[in-house]
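User: I'm new to this one and would like a close look at a single part: how one pair of helices crosses. Once that's clear, could you walk me on to the other helix pair and the hollow spaces?

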Amino acid sequence: MSIFIGGAWAYANGSLHLGHISSLLPGDILARYYRLKREQVLYVSGSDCNGTPITIRAKQEGVSPKVITDRFHQEFVDCFTKLGFTYDTYTRTDTDHHHKIVQEIFLQLLDKGLIYKKEIEQTYCETCSQFLPERYVEGICPVCKEPSRGDQCDHCSTILEPLELLNSRCKICGHPPTTRFTEHFYFSLSSLQDQLENYVQHAENNKLWRDNAISLSKRYLKEGLQDRAVSRDLPIGVSVPVAGFEEKKIYVWIEAVSGYYTASKLWAKETGKDDSSFWNSAVTSYYVHGKDNIPFHSIIWPGILAGLGKEPLPTHIVSNEYLTLEKKKLSTSKNWAVWVPDILERYDPDSIRYFLTINAPESRDADFSWKEFIYSHNSELLGAYGNFVNRTLKFITKSFDGVIPERAISPAIQDKVQSLYEETGCLIEAASFKQALERVFELVRFSNKYFDEQQPWKQVKEESESCGQTLADCVYLIANLAHILTPFLPFSSEKVKNLLKISETSWKPFLVKPTVLSNVEPLFERIDPTRIEEELERLNKQTV
């Protein structure tokens with residue numbers, strides 16, 4: 001089976017924060033899991049280097065957009081590497097390769113009559129002497145009356161045009177914009193209404209998407225799909241490949257989502273492999289992103305693929321709700337955020353991955369608090385899982401000279417492990433990562449209880465055979481727990497596998513080969529709770 005996983009492309013105009021990682025982490029969990037199942041996996045993403053936010057940042061700093069994109073693209077690569085993300089291809093949207101294929105997609109849609117020219121009235125800033133793309137215009141949403149940008153309201157998710165905003169202002173200079181007429185290309189999304197209605201209904205009937213993706217997509221469809229501009233007057237981006245329109249750019253909403261396809265083609269080009277198995281009707285695809293990106297993955301990208309006649313419309317939409325910070329909405333403008341480069345300097349990547357999974361906003365908003373993060377690490381990762389691993393292996397080192405006892409594993413223990421592989425696998429495939437991790441830690445708690453009830457410290461003096469059985473069972477549990485946790489906690493899992501000399505690479509229970517333990521060290525270090533106040537103080541000091 002072929003599994004395609006697309007992670008949303010972060011704008012290369014600022015550092016990643018925990019909200020980004022919370023929505024993107026499911027992609028890596030899926031990729032690691034399916035590789036253990038020996039499926040053919042292609043996991044792609046990249047940095048969005050063509051968006052309006054980048055040109056705004058460049059103007060603010062007085063540098064070229066490339067200076068901004070180079071800086072943050074490299075920072076993204078470093079952060080994803082440190083967090084253990086295993087992209088097969090992580091690229092960027094300002095490459096010649098990406099531009100060429102996006103232009104080919106544009107021309108194919110144009111040839112099929114799905115892209116057409118239209119004269120429109122567009123916002124124009126007299127002060128800045130330029131047309132204003134949607135994200136250059138800010139104002140009040142006409143629907144919910146909350147502050148909004150010109151393309152989509154973050155509060156009520158309404159897709160907007162700048163001219164619909166109330167009290168609109170140019171984001172660059174702050175002056176009210178005027179309007180001028182100009183000619184642009186439009187994508188005939190309305191012509192795909194029936195096809196996309198059937199597609200969304202199928203996803204709902206088969207429970208393939210998160211509820212938020214279903215409800216939001218059905219809302220757009222009920223309101224009636226509107227044709228959308230696919231070109232804009234932008235300083236950077238993919239040039240429209242039509243004579244007389246070269247100065248206009250292909251709009252980011254169609255260009256960026258096409259990055260999944262261009263990244264796939266780049267992977268094929270660089271590896272010499274064929275990517276056609278990831279673009280046929282048999283593929284299972286997962287598109288992983290945050291709530292604000294839902295319509296681009298559930299309506300726009302499927303619309304483009306349907307227009308091109310490509311069979312594999314996205315099968316799974318994995319769309320997280322929002323992550324809040326200390327019960328308040330994340331705000332990059334106010335610097336109310338936990339920045340990923342910063343947290344990685346001080347905390348274990350597995351601690352971050354664990355908390356963002358067990359506390360994931362899968363069905364409703366979730367909160368990151370420093371108190372809960374540190375307590376979660378100390379009680380669950382260190383106190384439950386790390387403690388079970390450490391106490392078992394240290395006992396073997398002390399009482400058996402590091403030689404793991406060889407015994408037939410208790411049938412009841414084997415059954416529990418077999419069931420966990422099956423149940424966890426089904427939950428991961430259904431994008432229920434939080435529930436899957438909860439199930440794993442139920443077995444962690446059972447394992448600690450088993451160790452306590454068997455009392456090997458007494459057995460070793462009175463019933464050495466029983467003690468050997470207890471420890472063999474516990475090592476079997478440790479090895480398989482670490483293996484099942486590989487998609488979630490890759491770094492600590494690797495430590496356990498190195499200690500036990502495990503080479504298993506498939507998703508099934510396995511026995512530990514005879515080995516002698518050496519250099520047993522704790523999987524996790526305790527975090528002093530005094531760090532909670534230190535982190536809160538740091539957070540409040542950085543806030544604008």
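Analyst: The crossing of α16 and α17 is left-handed. This is a predicted model, so take everything here as computed from it. To find the pair, look for α16 at residues 464-484 and α17 at residues 490-500. Their axes come within 8 Å, and the crossing angle is roughly 140°. Why call that oblique? An angle over 145 degrees would count as roughly antiparallel, and 65 to 115 as roughly perpendicular, with oblique covering what is left outside the roughly parallel range. At roughly 140°, α16 is therefore oblique to α17.

Now for the side that each helix brings to the meeting. From α16 come Val475, Ile478, Ala479, Ala482 and His483. Facing them, α17 offers Ser493, Val496, Lys497 and Leu500. Sort the residues of this contact by class and you get six nonpolar, two polar and one charged. Lys497 is the charged one, as Lys belongs to that class.

The other pair to look at is α5, residues 193-205, with α9. Here the axes lie 10 Å apart and the helices pack at about 120°. That angle makes α5 and α9 oblique to each other too, because it falls outside the 65 to 115 range for roughly perpendicular and is not over 145. The handedness is right-handed for α5 passing α9. On the α5 side, the contact uses Gln195, Leu196, Tyr199 and Val200. The α9 side puts in Ser298, Ile299, Pro302, Gly303 and Ala306. By class, that contact has six nonpolar residues, three polar ones and no charged ones.

Stay with α9 for a moment, since this helix (294-308) also helps to line the second largest pocket. In fact α9 gives the most to that lining, with three residues. Another helix that supplies at least two is α6, at 211-223. The pocket has a volume of about 430 Å³ and is lined by 19 residues. If you want to point at its middle, Ile159, Leu160, Gly224, Gln226 and Arg228 lie nearest the centre. The lining as a whole splits into eleven nonpolar, three polar and five charged residues.

Next come the cavities. There are four of 30 Å³ or more. The largest holds about 60 Å³ of space, and its lining is Ala337, Val338, Trp339, Asp342, Arg346, Trp370, Glu535, Arg538, Leu539 and Gln542. Two helices give two or more residues each to that lining: α10 (340-346) and α18 (530-542). With four residues, α18 gives the most. Five of the lining residues are nonpolar, one is polar and four are charged.

The second largest cavity comes to about 50 Å³. Around it you'll find Ser22, Leu25, Pro26, Ile29, Leu356, Thr357, Ala360, Glu362 and Phe433. Helices α1 (18-36) and α11 (349-358) each supply at least two of these, and α1 gives the most, with four. This lining divides into six nonpolar residues, two polar and one charged.

Key:
Residues numbered from 1 in each chain as written. Predicted model: local features only at pLDDT ≥ 70, side-chain atom pairs only at ≥ 80, totals over all residues. Heavy atoms only, no water. 1 Å grid on protein atoms, 1.4 Å probe; cavity = no way out; pocket = protein on both sides within 12 Å on 5 of 7 lines; lining within 4 Å. Points joined across faces, edges and corners; volume = space filled by probe spheres on them. Axes fitted to C-alpha atoms, helices over the stretch in contact; angles between N-to-C directions. Parallel < 35°, antiparallel > 145°, perpendicular 65-115°, else oblique. Left-handed = near helix turned anticlockwise from the far one by under 90°. Contact = heavy atoms within 4.5 Å.
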